[in-house]
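Subject: The structure you asked about

Hi there,

Here is the structure, together with my notes on what turned up in it. Have a look at the sequence and the fold, then read on below.

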Amino acid sequence: MKVLVEKSGFMGLTWQNIVMILISFVLFYLAIVKQYEPLLMLPIAFGMLLTNLPLTGLYHAYLWNPTDNGLLVETATMTKMSLDYGRVLHEGGLLDLLYLGVKLGIYPPLIFLGIGSMTDFGPLIANPKSFLLGAAAQGGIFFTFLGACVVNLTGFAEFTLKEAGSIAIIGGADGPTAIYLTSKLAPHLLGSIAVAAYSYMALVPVIQPPIMKLLTTEKERSVKMGQLRQVSKLEKVVFAVAVTVIVSLIVPDAGSLVGMLMLGNLMKESGVCDRLVKTAQNELMNIITIFLGVTVGATAVAENFLSPETLFIIVLGLIAFSVGTACGVLLGKLMYVISGGKINPLIGSAGVSAVPMAARVSQKVGQQTNPSNFLLMHAMGPNVAGVIGSAVAAGVLLSVLGK
C-alpha cells in the first residue's frame, strides 16, 4: 500500500500543476458551454490536462528542449545541432510520439488540405481586388512583430526574433498556420500561442465589430455591392495550379501550406475525386484535428506556460488581430473612395483568415446598418485571400528568421 501511495500522481502534484489543470478546466468551459472553436479548443484543453497530471509519462518536455544535456546530436558538418529523434522514439510517451506530427510539420498542411477541399475561391477569382484586402489584413502580423521587438528592448519581457515572429502570426487568425510557424521557430511557446490564436478566432464576432464601426461611417457601411459574376470550372482549376506555382516560387517556405490548400481545392473543383474530397473533408480532417489539438495542448507544461511572457503573448496577439482587422478596413475605405463609393469597406475586415466567421461578421455589421445589404459573398473573397496571405506571411517569416 505504501509503494502504491508513493508512486501515485498525488505525490508529484505541485501548485503549478494544479494551476494548469484549473486553466484546462476554463478551456473546457469555453469549448463546451460557450462553444468557442470547440473542435480544437476541447482537444487542446484535454492535452493540457493530461500533460500536467504527474507521472503519467504521456509527454516529456525535456525530450523536445534542444538545450538539455545529452539530447543533442552533432551533424556531419559539426556546425549544427539537432534533436535526438531516436531517443524520442525510445523514451517518449503516447503524446510525444503524436507530437512528431507537429514537430515535423505534418499536421498543419494536412489541415490545410481539408480546408482547401471545403473552400470556394470563386468570390476571390470573380473580384481579384480582394487579394489586396487579404494582403492588407496581414499588416497586423508585421506590426506586432515589431511590437514584440520593442517589448524586448524595454526589458518587460525577453523575446528573440523567432519568438516575436511566432507571436506575430497570431494576427493572421489562422490556427494551423500559427502552429506550423511556432513549431519551427519557437516550439516552447506552442501551447500559449495556440490557445491565444484559437481564442481570438473564436472571439471574432466580439473583437471585430467595434473596430469596424469605429473606422467607418454609416454611409460607408450601408453601401450595397453588385452581384459577383459566375466563375467557370476552368478558372477555378487554373487558379489552384497557378497559385501553387507562383507562391512556391516566390516564397518556397510557404509551399507546404499553400500546396496542400490548393491540392484540396483542386480535388474539389475538378469534380473527378469525390471519394478523396469526402475523406479530406471528414475522416482525415477529423483525425488530424484530434491529434493536433491534443499534442499542442500537451506542450502547455507549467514551466513554459506560467510565465510573464504568456501574458505578453496574449496581449500582443490581441493587438496583432486588432491591427490586422483595422488594416483591412482602412484599405477598404481607400478602395471605397477610388471606386466612387461602390465598395463597402466592411469587407476588408474579412481579410483575416478566420473562415468563414470573419465574412459572416462583415455581413452582420453591414446588415445592421442597411437591412437589405448582402455582403457575405463579397466578404468571402478577402476571407479566402487571407488564408493564402497568412500562409505566405508565415513563409516569409520562416525564410527570414530561419528554421
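Let me begin with arginine 229, which counts as partly exposed at 43% relative accessibility. Its side chain meets that of glutamate 235 in a salt bridge, with 2.8 Å from N to O. Glutamate 235 is partly exposed too, with a relative accessible area of 27%. Please keep in mind throughout that this is a predicted model.

Salt bridges

How many salt bridges does a search of the whole structure find? The search gives 5, and the pair above is one of the three I describe here.

Right beside glutamate 235 in the sequence is lysine 236, which makes a salt bridge with aspartate 120 through their side chains, at 3.2 Å from N to O. Lysine 236 sits in helix α15, whereas aspartate 120 belongs to the loop between α6 (107–118) and α7 (122–126), so this pair ties together parts that are 116 residues apart in sequence. Is lysine 236 buried or exposed? Lysine 236 is buried, because its relative accessible area is 15% and the cut-off for buried is under 20%. Aspartate 120, on the other side of the bridge, is partly exposed at 31% relative accessibility.

Another pair stays within one helix. Arginine 87 and glutamate 91 join their side chains in a salt bridge of 3.0 Å, N to O. Both residues are in helix α4 (residues 85–91), 4 residues apart, which means that about one helical turn separates them. Arginine 87 is partly exposed, at 25% relative accessibility, and glutamate 91 is partly exposed as well, at 37%.

A nonpolar patch on helix α15

Helix α15, the one that holds lysine 236, runs over residues 233–250 and also contains valine 245. Which residues make the nonpolar surface patch of about 500 Å²? They are Val241, Val245, Ile246, Leu249 and Ile250. Valine 245 itself is partly exposed, with a relative accessible area of 43%. That value fits its place in the patch, because patch residues need over 30% relative accessible area.

Backbone points to check by eye

Some backbone features may catch your attention as you click through the model. As background, most residues other than glycine have a negative phi, and most peptide bonds are trans.

Leucine 55 is not a glycine, yet its phi is positive, at about 70 degrees. You will find leucine 55 in the loop between α3 (38–51) and β1 (72–74), where it counts as exposed at 64% relative accessibility.

Alanine 173 also has a positive phi, of about 55 degrees, without being a glycine. Alanine 173 lies in the loop between α10 (161–168) and α11 (175–185). Is alanine 173 buried or exposed? With a relative accessible area of 2%, alanine 173 is buried.

Then there is a cis peptide bond, from valine 355 to proline 356, with omega near -10 degrees. Proline 356 is part of the loop between α20 (308–338) and α21 (357–369).

How two helices cross

Helix α21 brings us to a packed pair. Helix α13 (residues 204–215) packs with α21 at an angle of about 50 degrees, and their axes are 10 Å apart. That makes α13 oblique to α21. The crossing of the two is right-handed.

Buried residues and their distant partners in sequence

The loop between α10 and α11 also holds glycine 171. Glycine 171 is buried, at 0% relative accessibility. How far apart in space are glycine 171 and alanine 137? From C-alpha to C-alpha they are 8.5 Å apart, while in sequence they are 34 residues apart.

Methionine 262, in helix α16 (residues 255–270), is buried too, at 1% relative accessibility. Its C-alpha atom is separated by 9.6 Å from that of isoleucine 388, although the two residues are 126 apart along the chain.

That is everything on my list. Happy browsing!

Best wishes

Conventions
Residues numbered from 1 in each chain as written. Predicted model: local features only at pLDDT ≥ 70, side-chain atom pairs only at ≥ 80, totals over all residues. Heavy atoms only, no water. Patch = residues over 30% accessible without salt bridge, like charges linked within 9 Å, V, L, I, M, F, W, Y side chains within 5 Å. Areas by Shrake-Rupley, 256 points an atom, 1.4 Å probe, with all protein chains shown as cover. Salt bridge = Lys/Arg side-chain N within 4 Å of Asp/Glu carboxyl O. Buried < 20%, exposed > 50% of the residue type's maximum accessible area, 1.4 Å probe, protein only. Axes fitted to C-alpha atoms, helices over the stretch in contact; angles between N-to-C directions. Parallel < 35°, antiparallel > 145°, perpendicular 65-115°, else oblique. Left-handed = near helix turned anticlockwise from the far one by under 90°.
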